[in-house]
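Visitor: Please take me slowly through one helix of this protein and what lies around it, and then show me how the rest of the chain is packed. I am new to this, so please explain each term when it comes up.

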Amino acid sequence: MNADMAPDTAPDSVFPELVESRRGSTTTLTGWREFVAGEPIRFDLLDQDTLAGLTPARRAVYDEQRVAYHSELIVVETSAVRNVIHQGRLLSLLNQREISARRSLIVSGPGATGKTTAIKMLGKTHETRTRLRHPGQERIPVVYITAPPKGSPLRLATEFANFLGLDFHTRANASKIAEAVCEVMVACRTDLIIVDEIHNLNLATRAGEDLSDHLKYFTEHLPATFVYAGIHVESSGLFTGIRGKQLSGRSVLLNTSPFPCAEEWTSLIAALEMSLRLHQHVPGTLIRQAKYLHQRTGGSISSLSQLVRQAAISAILLETEAVTRDLLDEMVIDHAAESAAPSRPRRKRSAGA
């Protein structure tokens, strides 16, 4: 009998289900709802006896599922995430009876420091709580968009319309789209609006002024709390001129930054290590490499996540089943982290390894 056709000792009830990896964009209502409804992926390793009894074909599927599992971004609730969620909730409660001049939240910091993750988790938390308070109601509690680069009022209004699934003919102007968008959001009780990549809006330019005025239209016509996130917002021109001063006077600014090599950094590494699903990995290996991992990533949670998950996938593909210092040395991650990290010799793996 062919080995691929031979029966194995793993019944379907213990064989992990295939991890779904394709999801819609969170800048659409469908994709956002998938994100909100999504649960952390669970994947249990097979015991050694069951693993040894798998046919080659079933083992290949099992490994593909583990690769898919490790490709999923693991959200760790850092102090920055908790702070953004707490401040966002406070402002939402503060704004709930305001008629005008509602307070906004701006999350600023270098790239790859968890800004987008934090504001998305705020949105997910808010929508989950809203649905628990109002079960069965057809609401859209949260709208999430990204500020269009070199955008115009029309492009901004279109971003909102695209999220809501509103379709307009090509000749529709920004005002008409904005009116329709506001009507839908008011009717659907939208009370939290998240605008990511806000550094694309530079008030020192005429285009930025036009875009800012249009964004102000939405803030004045919608009974909602606005949350913005962007790279180094303070120096991007967002607070420039009269418009910028007005925004600054109505906004709470929170900053994210790389993590120092301290207790929380070690906790992040521990959380990532606990998530690994490898058969030969020795627990505590990554924690002992905390200083090295900080040098490799500059304290960026994004770079750390990429490095560890990429090494885990490599360990599966290479059949070594463990994330080691040598394997981490071989990984190439984002250019910013690689450029800042101290140079290190790379051990070349032989072609047959």
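Guide: What follows begins with one helix and its surroundings and then turns to the nonpolar cores and the aromatic rings.

This is a predicted model, in which local features need pLDDT of at least 70 and side-chain atom pairs count only at pLDDT 80 or more, while totals for chains, interfaces and linings use all residues. Residues are numbered from 1 along each chain as its sequence is written, and side-chain values use heavy atoms, with hydrogens and water left out.

The part to look at closely is helix 12, which covers residues 301-317. Helices here are DSSP runs of H or I with at least four residues, strands are runs of E with at least two, and both are numbered from the N terminus. The expected span of a helix is 1.5 Å times one less than its number of residues; for the 17 residues of helix 12 this should give 24 Å, and its end C-alpha atoms are indeed 24 Å apart, which agrees.

Of those 17 residues, 12 are buried, so helix 12 is largely enclosed by the rest of the structure. Buried means under 20% relative accessible area, exposed means over 50%, and partly exposed lies in between, with a 1.4 Å probe and protein chains only. Among the buried residues of helix 12 are Leu304, Leu307, Val308, Ala311 and Ala312, but also Ser303, Ser305 and Arg309. What covers them includes helix 3 (56-71), helix 10 (263-274), helix 11 (290-297), helix 13 (325-330) and helix 14 (335-340), where contact means heavy atoms within 4.5 Å.

The two ends of helix 12 can be described as well. At the N-terminal end, Ser300 acts as a cap, with a side-chain oxygen 3.3 Å from the backbone nitrogen of Ser302. This is a polar contact, that is, a pair of N or O atoms within 3.5 Å; within protein, one must be able to donate a hydrogen and the other to accept it, and residues adjacent in sequence count only if both atoms are side-chain atoms. After helix 12 comes Glu319, whose phi is positive, near 65°.

Helix 11, one of the neighbours that cover helix 12, is itself mostly covered, since 6 of its 8 residues are buried. These are Ala290, Tyr292, Leu293, His294, Arg296 and Thr297, and they pack against helix 10, helix 12, helix 13 and helix 14. Arg325 lies over the face of Tyr292, at 3.7 Å from the ring centre; a charge sits over a ring if NZ of Lys or CZ of Arg is within 6 Å of the ring centre and within 35 degrees of the ring normal. Just after helix 11, Gly298 takes a positive phi of about 65°.

From here we can turn to the cores. In soluble globular proteins, nonpolar side chains tend to be buried together. A nonpolar core is a set of buried Ala, Val, Leu, Ile, Met, Phe, Trp, Tyr and Cys residues joined through side-chain atoms within 4.5 Å. The largest one has 53 residues, and those with the most contacts inside it are Val143, Phe160, Phe163, Ile193 and Phe218. Its largest share, 6 residues, comes from helix 6 (residues 153-164). A second, separate core of 25 residues includes Leu268, Leu286, Leu307 and Met331, and Leu307 is one of the buried residues of helix 12.

Ala157, found in helix 6, counts as buried at 0% relative accessibility. Leaving aside neighbours within four places in sequence, Ala157 is in contact with residues including Ala174, Val181 and Phe218.

The structure also holds 7 aromatic pairs. Rings of Phe, Tyr and Trp (its six-membered ring) pair if their centres lie within 6.5 Å; planes under 30 degrees apart count as stacked, over 60 as edge-to-face and the rest as tilted. Phe43 and Tyr69 form a tilted pair, 5.9 Å centre to centre with 40° between the planes. Phe43 lies in the loop between helix 1 (29-37) and helix 2 (48-52) and Tyr69 in helix 3, so the pair ties together parts that are 26 residues apart in sequence. The rings of Phe160 and Phe218 have their centres 4.5 Å apart and their planes at 40°, so this pair is tilted. It links distant parts of the chain, with Phe160 in helix 6 and Phe218 in helix 8 (residues 206-221), 58 residues apart.
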